[in-house]
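Here are a few exercises to work through with the model open beside you. Try each task before reading its solution.

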Amino acid sequence: MTEVKEVFTIEEFDTIISDDKPTLVDFYATWCGPCKMQAPILHEFAEEVGEKAQVIKVDVDQVGELAMRYGIMSIPTLVVFKNGELKEKSVGLNTKDNLASMIIKHI
């Protein structure tokens with residue numbers, strides 16, 4: 001079972017996104033309504049994509065420095081990284097199909 005991993009440190013984040021496997025990052029907050037709606041979609045997507053990509057979550061209130069680094073002004077914001085490089089960014093609630101189209105071209 002592929003899980004959505006919660007990341008709590010900048011060091012861990014930098015290590016994960018530097019992988020050659022694409023990483024989908026959900027920048028969210030626990031108090032955000034659309035973020036709560038995004039969570040089950042994200043988990044379902046992680047199950048379907050399996051080992052082809054990584055899916056992680058970053059709470060902007062816990063690791064605000066990362067949100068500032070990537071200019072996250074609204075949440076949820078979903079970002080795709082590969083080899084440490086930002087490839088795509090989408091602000092707002094996304095469907096599973098949107099997530100798949102963001103990731104598939106980087107696999």
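## Exercise 1: Overall build

In the protein, 49% of the 107 residues count as buried, where buried means under 20% relative accessible area, exposed over 50% and partly exposed in between (1.4 Å probe, protein chains only). This is a predicted model, in which local features need pLDDT of at least 70 and side-chain atom pairs pLDDT 80 or more, while totals for chains, interfaces and linings use all residues. Residues are numbered from 1 along each chain as its sequence is written, and side-chain values use heavy atoms, leaving out hydrogens and water.

Task: describe the order of the secondary structure elements and the compactness of the protein.

Solution. Start by counting: there are four helices and five strands, taken as DSSP runs numbered from the N terminus (helices H or I, at least four residues; strands E, at least two). Along the sequence they follow the pattern β-α-β-α-β-α-β-β-α. Next, take the radius of gyration, which is 12 Å; the globule rule gives a close 13 Å for 107 residues, so the protein is as compact as a globular protein of that length. The radius is taken over C-alpha atoms, and the rule is 2.2 Å times the number of residues to the power 0.38. Finally, look at contacts (heavy atoms within 4.5 Å): of those between residues at least 6 apart in sequence, 69% join residues at least 24 apart.

## Exercise 2: The core

Task: find which elements supply the largest nonpolar core, and what F13 touches.

Solution. A nonpolar core is a set of buried Ala, Val, Leu, Ile, Met, Phe, Trp, Tyr and Cys residues joined through side-chain atoms within 4.5 Å. The largest one has 22 residues, and F13, V25, F27, V58, L66, Y70 and I72 have the most contacts inside it. At least two residues of this core come from each of α1 (10–17), β2 (23–28), β3 (54–59), α3 (64–69) and β4 (77–82). The greatest contribution is that of α1, with four residues. Now select F13: leaving aside residues up to four places away in sequence, F13 touches V7, V25, F27, I56, V58, L66, R69, Y70 and F81. Apart from this core lies another, of 13 residues, including F45, V49, L78 and I103.

## Exercise 3: Aromatic rings

Task: classify the pairs that F13 forms with Y70 and F81.

Solution. Rings of Phe, Tyr and Trp (its six-membered ring) pair if their centres lie within 6.5 Å; planes under 30 degrees apart are stacked, over 60 edge-to-face and the rest tilted. The structure holds five such pairs. F13 and Y70 are 5.9 Å apart centre to centre with 50° between the planes, a tilted pair. F13 lies in helix α1 and Y70 in the loop between α3 and β4, so the pair ties together parts 57 residues apart in sequence. F13 is buried because its relative accessibility is 0%. F13 and F81 make an edge-to-face pair, at 5.7 Å and 90°. Here helix α1 is linked to strand β4, 68 residues apart. To finish, F13, F27, Y70 and F81 form one aromatic cluster.

## Exercise 4: Backbone details

Task: locate the cis peptide bond and describe the phi of N83.

Solution. Recall the background: most residues other than glycine have a negative phi, and most peptide bonds are trans. The cis bond joins I75 and P76, with omega about -5°, and P76 is in the loop between α3 and β4. N83 has a positive phi, near 55°, and is found in the loop between β4 and β5 (85–91). With 49% relative accessibility, N83 counts as partly exposed.
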